[in-house]
Structures are given as C-alpha cells and as structure tokens.
Amino acid sequence: MTAAAITMASVLSLSACGGGEQAAQPSASGGGDKQQVEVFSWWTGPGEADGLQAMRKIFEQQNPTLTFFDAAVAGGSGDKAKALLQSKLQADTPPDTFQGHAGAELQGYIKAGDLEELNSIYDELKLREAFPEQLVEQISVDGKIYSVPVNIHRSNVLWFNPTVLKDAGVAGAPKSIDEFVAAMEKVKAKGKIPLSIGSEWTVTHLLESVLLGSLGTDGYNALFKAGADWNSAEVTKALESFKTILSYAGDPQDDWQPAAKQVADGEAAFNIMGDWAYGYFHNPPEGGLGKTSKTDFDWAPSPGTEGSYLWLSDSFTLPKGAKNRDGAVAWLKVAASKEGQDAFNPLKGSIPARKDADQSLYTDYLADALKDWASNKLAGSIQHGVAVNQPWLASINEAVGLFIGTKDVAALQKALADAATANAQ
Ligand code: GAL
C-alpha cells in the first residue's frame, strides 16, 4: 500500500516525454503488458492516501488489464498539485484523470475547455439519480456534466483534545466565537497551545470557518454573489475576530497533518480542519494515528456554525487528450460506484456523494456527518474550490499570507473586497 508520490521534477519529466499522443506505457510497477492509468491527486500523506488505495484495489480487481499509476503530488489542499496540473494542461499533456473540486474550481476547467463531458456515462450508470441534484449542478454547464464526485467533505469542524480542555477548566466545545476565545485564554494559561495551525492554506481554511461563524450561513453565502459587500461592518467584525483567534495560534506546522497531530498528542487544544482529519486520527497506524475517538480527540461544528455544513466535494474528471481514455473511463466508473465510494470514504473521513451508500459503514464521526449533511444549511468552501475560482482563491491566499505577518485588518478587508470585485461573476 505504498503511495507512489512523485516529485515535481519527475512529473515534469513524465509530462515532457508523454507527448499526449501515445497509448500508455507498461506500468512502472511491473504490470507486463498492462496499460497504466495515470490518476492525479494530492492524496499522498498520512490519512489522505488510505482511501485512494482502497479504491485503487477495487479498480485493479475489476480491470485486470489496467494498472493504476499513482501520480499524486504531495501537499495538503492540492496547492502544489494544482500548480503542476495547470502546466500539464497548458502543455496538452494531461494525466488520464485528475481530482478537481466540485463548484467554481471545476467550472474553471470546464470553461477553459480542458474536460470532456460525461453525460453518456451518467446515462449508462444512472448517476443523475445517484447524486444529490445540487451537487450535479456544481459540476455541470448547460446540462452537460463534467466530473464524478466521490465524496462530501465538511470544512467547518473544530477538532479538540478533551483532556486538554478538561485540564484547562473548559466545560465542552465552544459554541460561539466569544466562547472560543474565552476557552483559548484558559488553555493558554495552562501553557498548552490553544490553536494549532499548519501551512498558509490552513489559515485560509480557518478564515472560512470564522466568516461563517460570524456572518451566519446567509451572510456568508451572500459574499459570493455578484455585487457582494465585502466592505461591510459585519465583515470587519468577522476579520477582527479572525485576528483575535489567530493570536492564539501556535507555530505554523508544515502541513495539516502535523497541526492536527498536536491536538491528538495533547500538545494543543483546538484545530479547525476538514474532516479528512478524522481519517488521519482514526485510521490504524501506517495510514493514520490509530487514536481513540472521544478520548484522544473529539469534534464539534466550528464555533458559531452549528446547523451549517461548509461543504466541498472531491471529483474526478476526464481531461481532453487523456492518453489512456478508456482506462480513465474505467477509473471514473469505479469512482462513481457504490462499492468504490463505500471503500474510499470511511477511510478518507468523508461521506459518500452517492445517496444509496451503505450507511452502516459510516459510524462515529461519520454518522454525525451523514446526519448533519441531511439536515443542515449548506455553505460552499472557499479554500476547497466551491465558492471561488482559482484566480480568486489565489488572491485570497495572498491576502491571508500577508495578514499573517502584518495583522492589518483594514488591509486584509480591502484586499478581500478587491479580489471579489475582480473575480465575482
Ligand atoms: C482538500 C481535499 C480533501 C483533502 C484536503 C487536504 O482540498 O478536497 O480531499 O485532501 O484537501 O489535503
């Protein structure tokens, strides 16, 4: 179960010799005359790779003439992967299939003409009925559907260490931003890290939860409509809270896993991260940390967001010019299937995109997620491709990156407002 994460340099050299014209080469893993299917994602790290490997196993069982080539590029949230993907798409040397977020991110690839539509696969497998209607809308343009969603992730999760909270005299998960700040003050007094953070994108991830917790679902969703007012006093208040919350953060860790681990290890009290952290905490050692839920870690909606599901969905695509188009279609069929989704999601820490999945497989945190997904109001993630397209996200990331240094709320608000004006449609 080794994830063959390949470096930037090796991917670039692969794309350089791929040329986009030739059928797939025999697999690097000794597949004889098998054809390889290059699957591009960023699921290489602990907790991320387990689900992918489970789906790979089914794919290889069902397709004995095909070999899965893991073209994953390391780095949480896909920042590095997406930059490399862009260069491969521009050079017309796409992977056979790549991971893209439902929503504005996918719409970008569609508008750029990078993707084949998948309506015939949807018809053949009756997928329109299998997925929620609002999800299919996020991956469609003019009635044409362009990807296969494998899951629903939740972004607004507050992960916490129950023992650290107890020792600091914090009664339970804070429900509002004010309660959150008060709890972090108590943790700080005990000498523990109140809030763990990772690399820069995890701070944008934190920002979306704070915006939602402060503005409410309707106020948050309104930010992404044409003519939205990012200069409002409500947004100023949310950004002031963001500044206060960030003042309790520990030293930035390299990525989301080491930041989440500080909570599981009892070094930090809180971490706001998507529910892929559940797979990491809970999966057995090798892939995950093998921790016990409710004892080593616990969860709640991020402060002020109870009743809202800040969602995102990973989906797989069929790029135009895929070298092994048939192999990619075979992968998409596994990704779309009940069996594929039920193997992938319990390990990935997500709930299935399909409505007919085997609910008994989703226990513990995942049972809460299924219940909330069915009853909560929905808001789209910023960092993970639902609410904003990639140029808009790049501007937000840049503004947040500067803010980490300057802590200048007015400058952050202006940069966010400018980014919205430049990119909202
Ligand atoms: C998200 C992705 C998740 C998870 C996370 C951390 O963008 O949708 O599946 O991989 O990044 O890397």
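Into which domains is the protein divided? In this predicted model, the protein is divided into domain 1, made up of 2-152 together with 311-380, and domain 2, made up of 154-307 together with 386-423, so that, given these bounds from an automatic or database domain assignment, each domain is written as two segments. The C-alpha centres of domain 1 and domain 2 are 27 Å apart, and between them 34 residues of domain 1 are in contact with 30 residues of domain 2.

The ligand is found in the largest cavity. Around the ligand there are 13 residues, of which Glu-48, His-101, Asp-314, Lys-348 and His-384 come nearest. By residue class, the shell around the ligand consists of five nonpolar, five polar and three charged residues.

Three side chains place a polar atom opposite an oxygen atom of the ligand, as set out below.

| Side chain | Partner | Distance |
|---|---|---|
| Trp-42 (N or O atom) | oxygen atom of the ligand | 3.3 Å |
| His-153 (N or O atom) | oxygen atom of the ligand | 3.5 Å |
| His-384 (polar atom) | oxygen atom of the ligand | 2.7 Å |

His-384 thus appears both among the residues that come nearest to the ligand and in the table, with a polar side-chain atom 2.7 Å from a ligand oxygen. The protein covers 100% of the 310 Å² of accessible area that the ligand has on its own, and the ligand sits in the largest cavity.

Technical notes
Residues are numbered from 1 along each chain as its sequence is written. This is a predicted model: local features need pLDDT of at least 70, side-chain atom pairs count only at pLDDT 80 or more; totals for chains, interfaces and linings use all residues. Side-chain values use heavy atoms; hydrogens and water are left out. A residue is near a molecule or strand if one of its heavy atoms lies within 4 Å of it. A polar contact is a pair of N or O atoms within 3.5 Å; within protein, one must be able to donate a hydrogen and the other to accept it, and residues adjacent in sequence count only if both atoms are side-chain atoms. Accessible areas come from the Shrake-Rupley method with a 1.4 Å probe; for residues, only the protein chains shown count as cover. On a 1 Å grid over the protein atoms alone, a cavity is a set of points where a 1.4 Å probe fits but cannot get out, and a pocket is an open set with protein on both sides within 12 Å along at least five of seven lines; lining residues have an atom within 4 Å of a point. A molecule sits in a cavity or pocket if more than half of its atoms lie within 2 Å of its grid points. Ala, Val, Leu, Ile, Met, Phe, Trp, Tyr, Cys and Pro count as nonpolar, Asp, Glu, Lys and Arg as charged, and the others, Gly among them, as polar. Contact means heavy atoms within 4.5 Å.
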